[in-house]
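Hi,

Here's the structure I promised to pass on to you. Have a look at it first, then read my notes below.

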Amino acid sequence: MNNKQEEIDQFLSSASTSPSPSPSSSTSPLNNDSTSLKSMISGIDNLNVHSNGNDNNSNNNDKQKDIVSLENNSSSNTTTTTTTTTTSNHNNNINNNSNNINNNNNPNNNNNPNNNNNPNNNSNKNNNNEPLANGHINGVGEKLNDQPSPSSHKVSDFSDEYSPSKVRILVADDDDVQRKILNNLLKKFQYNVTLVPNGEIAWEYINKGQQKYDLVLTDVMMPHITGFDLLQRINDHPVHRHIPVILMSGTAVDYKYANDTIKIGGQDFLTKPIAKELLKKKIDTVLQSIWQRRKEEEYKATLAQEREKGNKLAKEMELKEHEIEELTKKVSKMSSISKEAMESPLVSVTRNIEELLKQSTWSHHEAEIKEKLSSILKELGSSNIYRPSFEKLIKNDSVDPVTKSFLVSEFSSTTSRRNSIPTFPQTTYNRDTKEVIKGWEFDVFKYSEDDLMPLLVDMFENFQLPEIFKIPIEKLQRFIMTVNALYRKNNRYHNFTHAFDVTQTVYTFLTSFNAAQYLTHLDIFALLISCMCHDLNHPGFNNTFQVNAQTELSLEYNDISVLENHHAMLTFKILRNSECNILEGLNEDQYKELRRSVVQLILATDMQNHFEHTNKFQHHLNNLPFDRNKKEDRQMILNFLIKCGDISNIARPWHLNFEWSLRVSDEFFQQSHYETICGYPVTPFMDKTKTTRARIAADFIDFVASPLFQSMAKFLKESQFLLKVISKNRENWQAYMELQKEGKCNDDDLQFMEDPTIFVKSKLPKIDEEENRDKVSSSSSSSTAPLTSTSSSNNETSSS
C-alpha cells in the first residue's frame with residue numbers, strides 16, 4: 001500500500017511541476033507510464049473501496065486525508081503553469097482514454113469492458129466508486145435500457161431543512177483521476193454521486209435515465225459535447241432547465257470562461273484542482289438558494305390557493321345569506337297570510353276598529369277609513385263571525401295543493417265542487433306496468449280513472465316532452481285532472497275511459513308499432529293532447545241530434561262539425577288557464593304550429609269526413625312515400641293515427657271489443673229513444689226496433705274499420721296481426737247474429753261468450769273481405785256523406 005501511495009505522490013507532483021508539452025507529445029506520463037496510471041487508480045480504489053482485512057478504519061481515513069492533502073498541495077504549486085500543464089494532461093487524458101477504450105485485446109487494459117477477471121479493472125460497471133446507468137459498461141458507447149420519458153424528470157422534493165444526503169449530483173469528466181477524486185470528496189460530504197466519462201452520456205442520463213438529479217458538475221473541455229454544450233442543452237430543455245449546472249476546468253481558468261458560464265445560464269465556475277471546502281461551499285450555496293426559492297414559490301402557490309378558497313367561500317356565504325333572506329321573506333309572507341286566514345270575522349273587526357282609533361287626523365285618511373269601515377260591515381255580515389275564513393289562503397299560489405285541500409275539506413263548511421281543490425292521484429307503478437301500456441292487449445277496464453291519470457304522465461315523460469318543452473309536472477297533472485273532470489261520468493261510451501283508451505292506443509302506435517319515426521316531438525305533443533281531449537264534454541248525442549234539435553252548440557258552430565269544434569274550443573280554454581297551461585314553454589311559432597295541428601286532429605275525428613281522410617291517406621300511401629320533413633305529410637299521418645285510435649275497439653281482443661260494442665250501442669239506443677220522444681228523425685242504425693248490437697258492430701267493421709286497418713297494416717308492418725283479430729271479431733259478431741235468428745240469444749241482455757261460433761248449428765256465411773272493401777271504395781268515392789247500406793239478412797238500413 002505504501003508503494004502505491006508513493007506512485008500517486010510522484011504522479012501528482014509531475015503533473016503540477018513539469019513543463020508544458022505540446023498536445024501531441026509522446027512524453028506525457030499518461031501515454032508512457034500506463035503501469036503507473038493503473039497502479040495509481042488501483043491504489044485509490046483500494047484506499048476508498050476495496051480495503052482488505054489488514055486495513056483498519058483509521059488507516060483508511062488517514063489515506064483519504066493524504067489524497068485531499070495531495071490535491072491541495074497540487075493546487076498551491078500551479079500558480080504559473082496551471083493552464084499549459086493541465087491542458088496537456090487533459091488532451092493526453094483524452095487520447096489515452098480513447099486508446100484504452102479501443103484496446104480490447106490488452107489483458108491489462110483497465111478500461112476494457114470485457115476484462116471482468118482483472119482485479120484492477122476500476123472502470124467496470126460494478127465499480128462502486130463510479131456508478132453507471134443500466135446498460136453502460138464504463139459509460140461509453142452503450143445504449144440506455146428502461147429509459148423513462150423526459151416528463152418523468154422532476155426536481156427532488158426537499159424537506160423543511162436542507163441536507164446533502166438528499167442531494168443527487170451528476171459528475172461529468174473525461175479525466176478518470178478527476179472523477180475518482182471528485183467522487184471521494186462528494187461522498188465524504190454525504191452527497192449522492194453518479195459519475196460519467198463524457199458529455200454524451202451525461203445528457204443521456206439527464207434526458208432518458210431513471211435517476212433525477214439536483215445538480216450537474218461538468219468539466220468544460222470534454223470531447224464531442226463540451227461542458228458549455230451540455231449546459232446549453234439543459235437550459236434549452238423545457239423539463240430539465242431547472243437543474244443547476246456548475247462548470248469546472250483545469251485549462252480554462254481565465255475570467256472569460258467564468259463570465260461565459262454565467263451568461264449562458266450556469267450557476268458557477270470552478271478551477272481544478274478544487275479545494276474540498278470550496279467545492280462544498282459552492283454546491284451548498286447553489287442548492288440552498290434554489291431550495292429557498294422553491295420554498296418561496298410553494299408558499300406563494302399555497303397562499304394563492306388559500307386566497308382562492310377564501311374568495312369561493314365568501315361567494316358561497318353571500319349566496320347562503322341571499323337564500324336565508326329570501327326564505328325569511330317567504331316565511332314572513334306565509335306568516336302574514338296564515339294570520340289573516342286564521343282570523344275570524346270578529347277578530348278582524350276588532351283589529352280594524354283599533355287601527356281606526358289610532359288615527360289622529362281622520363280628515364287626512366278619509367279613503368282609508370271608508371275602506372276599513374266597509375270591511376267591518378262585510379265581516380259583521382258573515383254567517384259565523386267566530387269561524388276563520390280560508391279564502392285568502394286558498395287563493396295564494398305559495399300554499400301547496402295538499403295543504404289547501406286539507407284546510408278546505410277539514411275546516412271549511414263549503415263543500416261545493418267549485419271551491420274544492422282535488423289532488424292528483426299518487427298511484428305509483430312498476431316498470432312492468434309502464435311497459436304494459438305500450439301493448440295492444442292493455443285492458444283499460446281493470447283500472448279506475450285515478451289509476452289511469454298517472455299513466456298519462458308516464459306517456460309524456462317517455463318522449464321527454466316535459467324536459468323538451470319545459471312543462472312543469474304540476475301543471476301537467478292539473479291539466480289531466482281538469483280534462484278528466486270535463487268528461488261526463490254518466491256517458492256509457494264517450495267518457496274519460498274512452499279518451500284514455502284512444503290515447504293508449506295511439507301511444508302503442510307510436511312505441512310498439514314505431515310510428516314515432518315519422519314525427520317530431522312537437523307532433524307527438526299535439527297528438528297526445530288531441531287524443532285526451534278529442535271527445536271533451538261529449539253530451540252522449542251525436543252531431544245529427546245536435547243539428548236536428550238546433551241546440552246551442554249547433555247554432556254556435558253553424559251545424560258544421562258541432563261536437564268536434566266544441567271539443568277543440570274547450571281544449572284551448574283549459575290550456576289558457578295558468579294552472580293548466582302546459583304550453584307556456586313553447587315559443588310563438590311552436591304554439592301556432594301546435595294549435596293548428598290539435599284543431600285539425602280533433603276535427604278529423606268527425607265521421608262525416610271519414611272517407612275523405614281515408615282516401616287521401618290511401619292514395620298517398622300507394623303512390624308516394626311519406627316525407628318526415630314535410631309538414632303536410634306529418635299532419636296526414638297524425639290524422640290517420642287518431643282516427644285509427646278512435647275506432648280501435650273493433651281490433652282489440654275479443655273481450656274488449658265486446659264490452660266497447662255494448663257501451664256504444666247503449667248510447668245509440670238512448671239517442672234514438674230521445675229522437676222518437678222529441679219527434680226528430682231517428683237514425684236507422686241506432687233504431688233498436690230495426691237493428692241489433694251485433695249488426696251495428698258487424699256493419700261498422702265491414703264498411704268503416706276494416707278498410708282503415710288495411711291501410712294501417714300496409715303503413716306500419718308491426719300492425720299486420722290486427723287484421724286477423726278484426727276478422728275473428730267479425731266472425732264472432734256474425735255468430736251472434738245467427739244465434740239471434742235461432743232465438744238463442746236476447747239482444748237486450750247480450751251475454752259474453754268466449755267463442756260464440758261453437759254454438760251456431762248452421763254454417764256461418766263466408767265473409768268476403770275483398771267484397772266489403774269494394775263496397776266501401778265505391779261508396780266513399782261517390783260521396784263523402786255518411787255511408788248507408790241495406791243488409792241482405794234482415795233488409796235493415798245501416799248508416800255510419
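Histidine 610 sits in helix α25. One thing to keep in mind as you read: this is a predicted model. Is histidine 610 buried or exposed? Its relative accessible area is 2%, and anything under 20% counts as buried, so histidine 610 is buried. Its side chain also makes a polar contact of 3.2 Å with the side chain of lysine 643.

Now for the helix around it. α25 covers residues 610–623, which makes 14 residues. From its first C-alpha to its last it reaches 20 Å, close to the 20 Å you'd expect at 1.5 Å a residue. Besides His610, the buried residues of α25 are Phe611, Thr614, Phe617, His620 and Leu621.

Another helix to click on is α19, residues 496–511. How many of its residues are buried? The count is 16 of the 16, so α19 is largely enclosed by the rest of the structure. Its length works out too: 16 residues at 1.5 Å each should span 22 Å, and the end C-alpha atoms of α19 are indeed 22 Å apart. At the N-terminal end, asparagine 495 acts as a cap for α19, with a side-chain oxygen 3.2 Å from the backbone nitrogen of threonine 497.

Next, the sheet. If you're new to these, strands of a sheet pair through backbone hydrogen bonds, and they can do so parallel or antiparallel. Here you'll find an open sheet of five strands with parallel pairing, in the order β2-β1-β3-β4-β5. β2 and β5 (268–271) are the edge strands, as each pairs on one side only. On average, neighbouring strands in this sheet are turned by 20° against each other, ignoring direction.

Zoom in on β1, residues 168–172. It runs parallel to β2, and five bridges join the two. Isoleucine 169 stands opposite valine 193 in β2, and leucine 170 has threonine 194 of β2 as its bridge partner. β1 also runs parallel to β3 (residues 215–219), this time with four bridges. There, valine 171 is partnered with leucine 217 in β3.

How many residues of β1 are buried? Five of its five, which leaves the strand mostly covered. Both of its faces are covered: Arg168, Leu170 and Ala172 are buried on one side, and Ile169 and Val171 on the other. As for β2 (residues 192–196), four of its five residues are buried, so this strand is largely enclosed by the rest of the structure as well. Between the two in sequence comes helix α6 (residues 176–188), and together β1, α6 and β2 make a right-handed β-α-β unit.

Last, the cysteines. How many disulfides does a search of the whole structure find? Zero. Take cysteine 533: why does it have no bond to cysteine 531? The sulfur of cysteine 531 is the closest cysteine sulfur to it, but at 9.5 Å that is too far for a bond, because a disulfide needs the two sulfur atoms within 2.5 Å. Cysteine 533 counts as buried, at 0% relative accessibility. Cysteine 745 is buried as well, with a relative accessible area of 17%, because the cut-off is under 20%.

Happy exploring, and shout if anything is unclear!

Terms used
Residues numbered from 1 in each chain as written. Predicted model: local features only at pLDDT ≥ 70, side-chain atom pairs only at ≥ 80, totals over all residues. Heavy atoms only, no water. Expected span 1.5 Å × (residues − 1). Buried < 20%, exposed > 50% of the residue type's maximum accessible area, 1.4 Å probe, protein only. Pairing = 2+ DSSP bridges. Right-handed = clockwise from strand over helix to strand, strands pointing away. Polar contact = N/O pair within 3.5 Å; in protein donor to acceptor, adjacent residues only side chain to side chain. Axes fitted to C-alpha atoms, helices over the stretch in contact; angles between N-to-C directions.
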